[in-house]
Amino acid sequence: MANSLNDFHRGDTKSWKFEFGNGVDITGWKIYFTMKENKSDDDSSAVLQVIATAGGNDGDDIYNGLMYVTVESSDYDNVEPETKYFYGFQRVIDASPANVKTLHTGSVKILQDITITTA
């Protein structure tokens, strides 16, 4: 994944690729993509949160450590355009206790969409 996210338009379908290594079985792994107005906001107050499970996207290869996190146009209901948000990608492996690792954090500006039509 890139070192930082480029600003993107509200409503655009976005997909990010995560590679954990050839031969790595990531069955059941999850990646959370969360966007918030303030870093300290509770996840329930996030303006956008997508939880991707390994194997849930067509391009995923769970036996070779490859998965994608995708934000669909319908996920933007609470996102205000021309606003900068904090974001984070966090990998969670179900265990007792859970194995959690922050993969990437930063801030991104969501740009105003011009065409607001979805099929």
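In the predicted model, strand 1 (residues 8-9) runs parallel to strand 7, and the two are paired over 2 bridges. Within this pairing, H9 has L111 of strand 7 as its bridge partner. Strand 7 is also paired with strand 6, here in the antiparallel sense and over 11 bridges. One position in this pairing is G88, which stands opposite T105 in strand 7. The connection from strand 6 to strand 7 is a hairpin of 5 residues.

Strand 6 in turn is joined to strand 3 by 7 bridges, and these two strands run antiparallel. M35 faces Y87 of strand 6 across this pairing. Strand 3 is further paired with strand 4, again in the antiparallel sense, over 6 bridges. In that pairing, A52 of strand 4 is the bridge partner of I31.

Taken together, the 5 strands form an open sheet with the order 1-7-6-3-4 and mixed pairing. Strand 1 and strand 4 are the edge strands; each has a single partner strand, so one side of each is left without a neighbour in the sheet. In general, the strands of a sheet pair through backbone hydrogen bonds, in either the parallel or the antiparallel sense. The two faces of strand 4 (residues 48-53) differ in their cover: L48, V50 and A52 make up the covered face, whereas Q49, I51 and T53 make up the uncovered one.

The largest pocket encloses about 310 Å³ of space. It is lined by 14 residues, of which T34, K36, Y87, G88 and T105 are the closest to its centre. Strand 3, strand 6 and strand 7 (99-111) are the elements that each give two or more residues to this lining. By residue class, the lining is made up of 7 polar, 4 nonpolar and 3 charged residues. Two of the residues closest to the pocket centre, G88 and T105, are also the pair that stand opposite each other in the pairing of strand 6 with strand 7. Y87, likewise among the residues closest to the centre, is the residue opposite M35.

K36, another of the residues closest to the pocket centre, is located in strand 3 (residues 30-36). K36 counts as buried because its relative accessibility is 13%, which is under the 20% limit. Polar atoms of the K36 side chain have partners in the segment that follows in sequence: one lies 2.5 Å from the backbone oxygen of D41. The side chain of K36 also makes a polar contact with the side chain of D43, at 2.8 Å. When residues up to four places away in sequence are not counted, K36 touches D41, D42, D43, A46, V47, Y85 and F86.

V47 and Y85, both touched by K36, are also the residues in contact with N78 once the neighbours of N78 within four places in sequence are left aside. N78 itself lies in the loop between strand 5 (66-71) and strand 6 (83-93). With a relative accessible area of 52%, N78 is classed as exposed, because the limit for that class is over 50%. N78 and L48 are separated by 30 residues in sequence, and their C-alpha atoms are 6.8 Å apart in space. L48 belongs to the covered face of strand 4.

Conventions
Residues are numbered from 1 along each chain as its sequence is written. This is a predicted model: local features need pLDDT of at least 70, side-chain atom pairs count only at pLDDT 80 or more; totals for chains, interfaces and linings use all residues. Side-chain values use heavy atoms; hydrogens and water are left out. Helices (H or I, at least four residues) and strands (E, at least two) are DSSP runs, numbered from the N terminus. Buried means under 20% relative accessible area, exposed over 50%, partly exposed in between (1.4 Å probe, protein chains only). A polar contact is a pair of N or O atoms within 3.5 Å; within protein, one must be able to donate a hydrogen and the other to accept it, and residues adjacent in sequence count only if both atoms are side-chain atoms. Contact means heavy atoms within 4.5 Å. Two strands pair if DSSP finds at least two bridges between them. On a 1 Å grid over the protein atoms alone, a cavity is a set of points where a 1.4 Å probe fits but cannot get out, and a pocket is an open set with protein on both sides within 12 Å along at least five of seven lines; lining residues have an atom within 4 Å of a point. Grid points are joined across faces, edges and corners, and a volume is the space filled by probe spheres set on the points. Ala, Val, Leu, Ile, Met, Phe, Trp, Tyr, Cys and Pro count as nonpolar, Asp, Glu, Lys and Arg as charged, and the others, Gly among them, as polar.
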